[in-house]
Each structure stands twice: as structure tokens, then as C-alpha cells.
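Let's take a walk through this one together, starting at a loop and working towards the core. Keep the viewer open as you read.

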Amino acid sequence: MMAAKFLPADKLNEWIAELAESRRVLVPVTEQNAVVFRPYAKDTEPVFGRQANVPPKASIFPASERLMAFTYVKNPEDLGQVAVEVQETIEPEPTVVFGARPCDARGFTVFDRVYDGKKVQDPYYKARRESTLFVTMACDDPENACFCHWVGSSPSDPEGSDVLLTPLEGGFLVEDVSKRGKELLSSKLLSDGSKKVKEARAAHAAALAALGEAWSPAEAPAKLIEKFDDMGFWEQVSAKCISCGACTYLCPTCYCFNVTDERKGMRGERIRTWDNCMSFQFTLEASGHNPRPTKAHRLKNRVGHKFSYYPDIHGGAIACCGCGRCIKFCPASVDIREIVRLSVERPVSKPEKQ
Amino acid sequence: MPVLEELKAQIARRLPELDMVIGWGHGYDCLHRTPVFIENAADIEKLVFDPLCVHNLSTYLTRYGSGKKIGVVVKGCDSRSVVELLQEKLINRDNIVVFGLPCEGVADLGKVKRALQEQNLDMGRVKSATVEGGKLILAVSGKEVALALNDVLADKCGRCRYHNAVIHDEFAGTPVEGQAQDAYEDLAAFENQTLEERMEFWRGQMERCVRCYACRNACPMCVCRDHCIAQSRDPNWVSQGDGLEEKFFFQMIHAMHLAGRCTECGECERACPVDIPLLLLKRKLGKEIQELFDYRAGTEPEVKPPLLAFKVEEDNINERGW
């Protein structure tokens, strides 16, 4: 059974400090105008009232991760003979991500189906996933770019979280969502919160209502496939895109990666880094052929992957958590909601007669 | 006639000879404008012009094949990019129609965000925005907030010498008079620090970089596009790693490639999703170029940019006196 505890507002930092005694705790902090996740230290001042610019994606899926280190060793007897020594480098660090939004935590459920699936498991991802817990903060006032309710989520969605905090008058309701989350609730700073549950549910309902009516993308998978060859449509909706990677790099659900060997002399490392379907190198083949040669093809991939190809493979689950960062931080204000909507509402353009 | 109406009329008149005109329209919320691509008369109604029209639309000019005839709407600062693109022969004058505007400054949404945060309000929740009597009036979380426009204008506007489009085929409205002086005070404050302090500052800033390259792609002068050395594997100048070295190295290369070309439109900084003050690097090089070559990028269409030219002796560089 889920436990409901209460944490007074003035004990919040104390609880974080307590958690940080035995593990790395990542918290949102302000740098310039941006909010980013940083390891908690003694003087850290976390900020919880607003969505972080960068989601805590790197906590499990680092922007650049060493898969292995390697060294070339010459045989002193025969310098033409070179052996390769490889060192595996899975180094998970026990971590709590504290104060992310439910959308940020839900993002990893999109990763799980890919990296921790029935057929294939990625050992690097799995090790980090298992060593990381999410204490999320239910959202009390969604922003203009938010649309979590479109994709089957909500401002208080517990999916992907281990503990859910709900801001209330004077403090927070603290509820465990997973078995592992329960272990975090043993702190003496937490008191019984069962009388506050009703208040929290009302707050959840109010936040959801503030998002307005949801639009259903149920038809999107089929409609996007229907428009696959309608390049006129894609050119129109991608016209303002400047092909940077802000949308994908800030996305809690984008999981594409690139693998490169970065070698200096006889030593090197094989690294896995975030890839980005807005970039020319994405799916560029060794022959020089690129199946996605223009920004229209690339944006089609981004929208199609999230709202069509992924749901088709993964039982209808949409590969988007509705956090809205791709809209909010796009230098040209490209709006994925608008593109998905148009893909459903507009008829396929008929090719001109030859 | 108000500026916007005059602009619309000019576009309506010129549109038949053009494939498209690029202007600003309403974005996803009341504070955001977005580029709009006008292809027919009905699209003209989407146009907006106010201090929230921040994008430098000239960045799209090099993204179309040479065959297209394109109209572009520009403020003073944006027009300098058009001039620089022409000087570098990156666009063909015959294929461009410039719709010039007068501008009294555009909002820096970073400043709006900070001003709201000081009142514990969030920019992402603004429900309405109007510009009236020198104020930006916002409705947010049940409150009305009036911000003095002067407090939230981009820094570049405070030192602007080119309020009116410096190049144009059509000009809507009345030219704005007067010009500010740019004494590079922001740079002076930065340069007063020790080298170690400056390095420390940049380390702290670059830590946040997500390598999304929005700075590069928003830049109207960054035209290498798919051949950028930041991602190229052959030659492999920059590792795919995301260490501070790689991030800083890329920004240094970016800045150097723009020396004498950057018109300081600030799009790199505006596009950055994690608020890295990138314009500072570009301003430093801009100042050096001005002192060495007495040249300000994008102001004189007929002049050859100094780093694209070769002179045995530059007027302001006393080579033989070293």
C-alpha cells in the first residue's frame, strides 16, 4: 500500500541533505536564466517552482558516455604485431534525481521499452536505471507549452517516478510510487500525511484542469504514415526549422545515439553520445547516401518516430511525454503539437499531374 | 498608415514576382512570435510587427536554392546580415527583395523571464501580452504586470546605431531618428578581470552547453551547415565527447569564423536554450576587427570585408613597426 507522508516546507532542504549523505542527489538549480540539474552539495540552493530547461535525461543516459577504454599494445618482438586491450567501463553511481517533473521521469518509460526490452537489454542503460531513483514534484501550474495530457499523462502522473511530492499549503505530500521509493520514506523528517491526501488529489485535478481540454493523437500513427510521401506537407511544416538539435537534446524521450572511437595515439575510448535527427550526420550512410537528406525529411522523422513508428511497435505508447521543451526552447518556435494536429486534420496533398 | 499596414500593402504588391516572403507571425503563446512564410495573398494576414518580433529572418536566405526569389522582412540589425551576406556573395541581390522596417528595439525574453521571476511568476504561464505606452503589459497567474519596455529590451538595442534597415527595396513607416554609441562597456568590464577569472567564467558557462548547435544554426552568417567541423569526422577536429574542452573549442572556432563577419544580431545567444552569453565572445572579436581594420560588419554593401581581402599593409596595422 502506498504511504502518504507529510514534509514541512522548511524541512525540504534538510531531507535532500539527508538523502545526499549516501548517494549522489541531482537537484534543479539556476544558472544565468537557465535551470539545470546539478549534484547537491552543502551550499546548493535548489529551485522547484519551475520546469528545468534541461531535463535530467543525462542521469541515466549521459550526453556522452564511455562504453570502453582501449589501448593498442605493440609486441616488442615484432612491432608489426599490435594487440588491443579493452577495459569495460560500466560505472553506475547510486543516484536520486530530486525535484524533476513527472513528465521528466515518465520520459524514461519510453527508454525502458527500447533499452530494457524483452529481447535486448543495454547493460549500460540498465545499470544506471537500476541505480537511479526519481523523487518528482507534481506540477501545480502547467505552462503554455505543456501538453502532457495529450499523450496519456498528467501533471501528477506517477509513472516512472519512485516518490511523488505534491506541493501543498505549508509543505509537501510525499507518496511512494514504487517499492524502491518506499525505502526513501524512512526519514524522521516525514510525518503522517494521510489527512492531506484529499487536498493533494484536489491539487492534481486543478493542475490537470488548467491544461484545458486534451486533443487526442489516437489517429496520428495512421495519418502520419499516410503523409509519409507527402513532402509538400513536410516542407511546409518544417519551413521555419533551423535544423539545430535543441528540441532533441532537451527532450526527455529522445534516445538516439551515435558511437565513435575517439583515439589519441595508442589510447582511446569508444563513446556513445546523444544523436539528433535534425542533424545531417543522422543516418548518413558510409556510401554518402542519406535517406533523410533535407530538414523536411528530418523533422518528419522526429514527429513520425514519436507519434507513429514508436507507438506502432510499442503497443500504442507515444514516445513523447508532453513536457513542451521542444516548443518552448525552439529558437523558431516550431510547435510539434501543431504539426501532429495538421497531419491528422489535413488531407494528403494530391501530386500534380505529370 | 501604421507600419504593419504599410508593410502588408508593400508585400501584397510585390508578392506576385516572388516565391515567398518571410516575416513574423503569432507563435505558440502570446509572448512568442514565429517566422511565417507568405506564399499567397491570404497568408499576408498572418503578419505581425511589434517588439516581440525578435528573430533575424535573414538566416533563412541562404537555405534556399539560388533559383528562388525571396522577400525578407528586416529590422535595422537584421538588415546588416543581409548586407554582409551580399558582400560575401552568399546571396544574389537579384533574387532578394528586402522589406525594411524602422525599429525602436526588441524584447529580450530572458529579461522578461527574470523580471517575472523576481515577482515569483513564470514566463511560461503568461496568458496575454500587450505593448502600450512604452510598457509590456502581461497577465500571468491572475496578476497584471507592467514592465517598462526599456528595462526588457535586448542589450543590443541600447547600443544600436542602425534602427532603420540599412538596405531595402521597400521601407514601411517613418525612419527612427538618432543613434546610440557603442563604447563596448560590457566588454571593458569583462576585460578588467584576470585571464584566470575569465577562463573560470567561461568554464562555468560552458558546463551547461548541450551541444545542440542552436547558436550555430540560428546564425545568419554560419553557412557551412552540413560541413561544419564541429561534427565532421573527416577531418576530425572536435571529438564527439561533451567535455568542457570540446564545447569551448567549438565556441572558439565559431567565434573565429565570424570575426569581421558577425553583425552582432545576437541570435546565437537568443537561440541558446541554456542561456550562455555567447554574444560576449563575438563582441570581443568585433571590437578587435573594428580597431584593426576600422570595419563594422554589414554596414557598407560595396566594401570588401577585411578578412576576405588582402592588402600588403593594412592602414591600422603597423606590421613593420613590430
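**Loops, helices and cores**

At 68% relative accessibility, N120(B) counts as exposed. Bear in mind that this is a predicted model. You'll find N120(B) in the loop between α3 (109-118) and β5 (126-132) of chain B. Take a look at its backbone too: phi of N120(B) is near 60°, a positive value in a residue that isn't glycine. Most residues other than glycine have a negative phi.

R225(B) does something similar, with a positive phi of about 50° although it is not a glycine. This residue sits in the loop between α8 and α9 of chain B, and it is partly exposed, with a relative accessible area of 23%. Stay in that loop, between α8 (214-218) and α9 of chain B, and you'll come to P235(B). The peptide bond leading into it from D234(B) is cis, with omega near 5°. Most peptide bonds are trans.

Next, follow chain B into helix α9 (residues 244-257), whose axis comes within 10 Å of the axis of helix α7 (residues 195-206) of chain B and crosses it at roughly 105°. Angles from 65 to 115 degrees count as roughly perpendicular, so that's the label for α7(B) and α9(B). On the α7(B) side, the contact uses M199(B), W202(B), R203(B) and M206(B), and they meet L244(B), K247(B), F248(B) and Q251(B) in α9(B). Sorted by class, this contact has five nonpolar, one polar and two charged residues.

Chain A has a helix pair of its own to look at. Helix α9 (residues 295-313) and helix α11 (residues 336-345) of chain A pack at an angle of about 80°, with axes 11 Å apart, and α9(A) and α11(A) are therefore roughly perpendicular to each other. Here L299(A), V303(A), K306(A) and F307(A) in α9(A) meet I336(A), I339(A) and V340(A) in α11(A). The residues of this contact divide into six nonpolar, no polar and one charged.

Step back from α9(A) into the loop between β12 (267-274) and α9 of chain A, and you'll meet T283(A). T283(A) is partly exposed, at 29% relative accessible area. Leaving out residues up to four places away in sequence, T283(A) touches H289(A), N290(A), P291(A) and R292(A). Its C-alpha atom is separated by 52 Å from that of K188(A), 95 residues apart from it along the chain.

Now for the inside. F307(A), from the α9(A) contact, turns up again in the largest nonpolar core, which has 163 residues. F307(A) is among the residues there that touch the most other members, along with W15(A), F98(A), L165(A), W234(A) and L7(B). Zoom in on W15(A): not counting residues up to four places away in sequence, its contacts include L7(A), F98(A), V135(A), L165(A) and V174(A). Apart from that core lies another, of 25 residues, among them A115(B), L138(B), V140(B) and L149(B).

What about cysteines: how many disulfides does a search of the whole structure find? Zero, over all chains. Two cysteines show why. The sulfur of C277(A) is 6.0 Å from the closest cysteine sulfur, in C254(A), so it's too far for a bond. Over in chain B, C272(B) has its closest cysteine sulfur in C212(B), at 6.5 Å, again too far for a bond. C277(A) is buried, at 8% relative accessible area, and C272(B) counts as buried too, at 14%.

Note on methods
Residues are numbered from 1 along each chain as its sequence is written. Chains are lettered from A and ligands numbered from 1 in the order in which they are written. This is a predicted model: local features need pLDDT of at least 70, side-chain atom pairs count only at pLDDT 80 or more; totals for chains, interfaces and linings use all residues. Side-chain values use heavy atoms; hydrogens and water are left out. A disulfide is a pair of cysteine sulfur atoms within 2.5 Å. Buried means under 20% relative accessible area, exposed over 50%, partly exposed in between (1.4 Å probe, protein chains only). A nonpolar core is a set of buried Ala, Val, Leu, Ile, Met, Phe, Trp, Tyr and Cys residues joined through side-chain atoms within 4.5 Å. Contact means heavy atoms within 4.5 Å. Axes are lines fitted to C-alpha atoms, for helices over the stretch in contact, and angles run from 0 to 180 degrees between N-to-C directions. Helices (H or I, at least four residues) and strands (E, at least two) are DSSP runs, numbered from the N terminus. Angles under 35 degrees count as roughly parallel, over 145 as roughly antiparallel, 65 to 115 as roughly perpendicular and the rest as oblique. Ala, Val, Leu, Ile, Met, Phe, Trp, Tyr, Cys and Pro count as nonpolar, Asp, Glu, Lys and Arg as charged, and the others, Gly among them, as polar.
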